[in-house]
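Reader: I'd like to learn how to read a sheet and the core beside it. Could you walk me through one example?

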Amino acid sequence: MKKFLLAACFAAGLFGAAHADDDQRYYERHRSQFISYEKAAAIAARAVKGGVVLELEFDHDRRGDHFDAEVRAANGRKYEIKIDARSGKILSKRLDD
C-alpha cells in the first residue's frame, strides 16, 4: 500500500517538481552524498503511525542538508519531520498546529 502511495505521489509530482530552485539543483549535483527522496519519504512515513507523506523537499542551508516532510498520521493529525539528508536520521518531529 505504501509503495503505491509513494508511486502515486511521484506521479503527481509532489516530490521536488515544484522546487527547481537552488536547493534542488544542489541536491542533483551532489546526489551521491545524500539519501534518495524515496528513502526520505519512507523514513518520514514510518515516523508516525499510519503515516502518509503529503510533502517532501530538500533544504540546503547553513544548519545542514536535510529533508522537510509533512506527514499525515492515521488519526488525521499532521506532523513536520526533519530528516538528515546524509544519514537518514530523524532530526526533529513535531505536531503541525
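Reader: Which residue in strand 2 stands opposite D61?

Author: Happy to start there! Helices (H or I, at least four residues) and strands (E, at least two) are DSSP runs, numbered from the N terminus. In this structure, the residue opposite D61 is G64 in strand 2. A word on the source: this is a predicted model, in which local features need pLDDT of at least 70 and side-chain atom pairs count only at pLDDT 80 or more, while totals for chains, interfaces and linings use all residues. Residues are numbered from 1 along each chain as its sequence is written, and side-chain values use heavy atoms, with hydrogens and water left out.

Reader: How many bridges join strand 1 to strand 2?

Author: In general, two strands pair if DSSP finds at least two bridges between them. Here nine bridges join strand 1 to strand 2 (residues 64-72), and the two run antiparallel. E57 stands opposite D68 along this pair, and a hairpin links the two strands through two residues.

Reader: What lies between strand 2 and strand 3?

Author: Five residues, in another hairpin; G76 in that turn has a positive phi of about 90 degrees. Seven bridges hold this antiparallel pairing, with E70 partnered by E80 in strand 3.

Reader: In what order do the four strands form the sheet?

Author: The order is 1-2-3-4, in an open sheet with antiparallel pairing. Strand 1 (52-61) and strand 4 (90-95) are at the edges with a single partner strand each, so one side of each has no neighbour in the sheet. From one strand to the next, the twist averages 15 degrees.

Reader: Which strands does helix 2 touch?

Author: Contact means heavy atoms within 4.5 Å. Axes are lines fitted to C-alpha atoms, for helices over the stretch in contact, and angles run from 0 to 180 degrees between N-to-C directions. Helix 2 (residues 22-29) packs on the sheet against strand 1 and strand 2, at about 85 degrees to strand 1. Helix 3 (residues 37-46) touches strand 1, strand 2, strand 3 (78-84) and strand 4, at about 125 degrees to strand 1.

Reader: How many residues does the largest nonpolar core have?

Author: Such a core is a set of buried Ala, Val, Leu, Ile, Met, Phe, Trp, Tyr and Cys residues joined through side-chain atoms within 4.5 Å; buried means under 20% relative accessible area (1.4 Å probe, protein chains only). The largest one has 23 residues, and those with the most contacts inside it include F58, F67 and I81. Helix 3 gives the largest share, six residues.

How values were computed. Buried means under 20% relative accessible area, exposed over 50%, partly exposed in between (1.4 Å probe, protein chains only).
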